[in-house]
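Me: I am new to this structure and would like to understand the reasons behind the words used for it. Could we go through them one at a time?

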Amino acid sequence: MLPYGRQSVSEEDIEAVTAVLRGDWLTTGPTVTAFEEALSDLVGGHRAISCTSGTAALHIAYAAAGVGAGDEVVTTPMTFVATASSASLLGAKVVFADVEEDTALIDPAAVDALVTDRTKVVAAVDYAGHPADYAALQPIADRVGALTLADAAHSIGGLSGGRPVGDLADLTTLSFFPTKNLTTAEGGAVVAKDPAVAQRAHEFHFVGLMRDPDRFRIEDEGPWHQEVHEFGLNYRLTDLQCAFGLSQLKRLAGFKQRRTEITARYDAALAGVDGLRLPARRDGVDPAWHLYPVRILEDRRREVFEKMRASGIGVQVNYIPVYWHPVYADLGYRRGMCPNAEAFYAEELSLPLFPDLTDDQVDQVVETLIGIL
Ligand SMILES: *Cc1c(COP(=O)(O)O)cnc(C)c1O
């Protein structure tokens, strides 16, 4: 079965990881620092904190933003559940804003209608690798004293208005799961523009431990002294994984290039095919395509999904609207709340897209899809 996404691992990646195994530091060592510095360079110079997954990154980011019981987080339902559930876990009320009909990105007008003085974070998702409209979202968040968060699990390496992903929102979260644009097996990172928020993120991912003498609240007991002022978890990424990530980062531009070529090949081959709608794209945006989400019209998505799978092509559906999950239904969220997201979900089909996919394989996907339609 041709997968819809998969990692690309080179001999250099393998050597980078094995070199760490022969060294002194398996975790919390110099390779973690080197990876975080390289990430920081990529995202506009803001501090980056590596962590164990994209889900952990979201949990850390919401905690660093001060999200807690009584707060509201406005987000999109067209995402992986973690974008919302990590805020729910902190006690926040999640408010779902509908998406734009064509891009499936959170609609700033819908956000504008839903923010209140209890809104702590407006969390957008760069669905498929296409950055959301942060230029429109930021003033809405600013007006109510909230932070913007970019769930950039799909979009590392992308640009909007010439600025890199990581420089578009107050907080950005990344995922390095194998299907994503670069991988550390499991892994993620948080980027924060405000150094104080970044420090809170760092401490939350480090069990809440703090070693800054200027902030100590009890007498410094000696060189070993450290304090916990707020609860945290151990979400640290290892040196092994950071070596993998550093090596992958060197290949990111090539990955993006190849994903762009494949996307263009799909665009050209599928243009004008009846019963199909191709992904939308805004001016001024240079996406880092993670998914190639087509829309299968005339109520045929399930049929096409099953026939593609039966033909050995591992298509995927991204995503079931988050509030359809029983955990949200149990909290009283009802279907029909975000009609654009639900209509998009009903038609969406993600075609295979990953850097090692060959042109011949792309052509095979295209032929199979056109044949079925
Ligand atoms: C993958 C993903 C996550 C979670 O990342 P993990 O590394 O799998 O925990 C969060 N949000 C989006 C949009 C994702 O695609």
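Reply: In this predicted model, Ala185 is found in the loop between strand E8 (171–175) and strand E9 (188–192).

Me: Why is Ala185 called partly exposed?

Reply: Partly exposed is the class between the buried limit of under 20% and the exposed limit of over 50%. Ala185 has a relative accessibility of 39%, and therefore it counts as partly exposed. Ala185 also has a positive phi of about 75°, although it is not a glycine.

Me: Which class does Thr28 fall into, and what makes it so?

Reply: Thr28 sits in the loop between helix H1 (11–21) and helix H2 (30–42), and its phi is positive as well, at about 55°, although Thr28 is not a glycine. Its relative accessibility is 35%, which lies between the limits of 20% and 50%, so Thr28 counts as partly exposed.

Me: Is Gly272 buried or exposed, and how do you know that?

Reply: Gly272, in the loop between H9 and strand E12 (276–277), has a relative accessible area of 75%. Exposed means over 50%, so Gly272 is exposed. As for its place in space, the C-alpha atoms of Gly272 and Ala61 are 42 Å apart, and the two residues are 211 residues apart in sequence.

Me: What makes Arg259 a buried residue?

Reply: The limit for buried is under 20%, and Arg259 has a relative accessible area of 2%, so it is buried. Arg259 belongs to helix H9 (residues 252–270), and its C-alpha atom is separated by 9.1 Å from that of Leu291, which is 32 residues apart from it along the chain.

Me: Why does Thr103 count as buried?

Reply: Thr103 has a relative accessibility of 8%, and because buried means under 20%, it counts as buried. Thr103 lies in the loop between strand E3 (93–96) and helix H5 (108–114).

Me: How do you know that the side chain of Thr103 makes a polar contact with the side chain of Glu100?

Reply: A polar contact needs a pair of N or O atoms within 3.5 Å, one of them able to donate a hydrogen and the other to accept it. The side chains of Thr103 and Glu100 make such a contact at 2.5 Å, and in addition a polar atom of the Thr103 side chain lies 3.1 Å from the backbone nitrogen of Leu105.

Me: Why are Ala104 and Thr79 both called buried?

Reply: Each value is set against the limit of under 20%. Ala104, found in the loop between E3 and H5, has a relative accessible area of 2% and is therefore buried. Thr79, in the loop between strand E2 (72–75) and helix H4 (82–89), has a relative accessible area of 4%, so Thr79 is buried too. The two residues are 25 residues apart in sequence and 9.5 Å apart in space, C-alpha to C-alpha. The side chain of Thr79 is joined to that of Thr83 by a polar contact of 2.7 Å.

Me: Which side chains have an N or O atom that makes a polar contact with the ligand, and how do you know that?

Reply: For a polar contact the two N or O atoms must lie within 3.5 Å. Among the side chains that meet this limit, His154 has an N or O atom 2.8 Å from an oxygen atom of the ligand, Lys180 has a polar atom 3.0 Å from a ligand oxygen, and Tyr319 has an N or O atom 3.1 Å from a ligand oxygen. The protein covers 92% of the 380 Å² of accessible area that the ligand has on its own. The peptide bond from Asn318 to Tyr319 is cis, with omega near 5°, and Tyr319 is found in the loop between helix H10 (301–310) and helix H11 (326–329).

Me: What makes up the shell around the ligand, by class and by helix?

Reply: By class, the shell has 5 nonpolar, 8 polar and 2 charged residues, and helix H3 (residues 54–64) gives the most to the shell, with 3 residues. Of the 15 residues around the ligand, those that come nearest are Gly54, Thr55, Asp151, Ser175 and Lys180. The space that the ligand takes is the largest pocket.

Conventions. Residues numbered from 1 in each chain as written. Predicted model: local features only at pLDDT ≥ 70, side-chain atom pairs only at ≥ 80, totals over all residues. Heavy atoms only, no water. Near = heavy atom within 4 Å. Areas by Shrake-Rupley, 256 points an atom, 1.4 Å probe, with all protein chains shown as cover. 1 Å grid on protein atoms, 1.4 Å probe; cavity = no way out; pocket = protein on both sides within 12 Å on 5 of 7 lines; lining within 4 Å. Sits in = over half its atoms within 2 Å of the grid points. Helix = DSSP H or I, 4+ residues; strand = E, 2+ residues; numbered from the N terminus. Nonpolar A, V, L, I, M, F, W, Y, C, P; charged D, E, K, R; others polar. Buried < 20%, exposed > 50% of the residue type's maximum accessible area, 1.4 Å probe, protein only.
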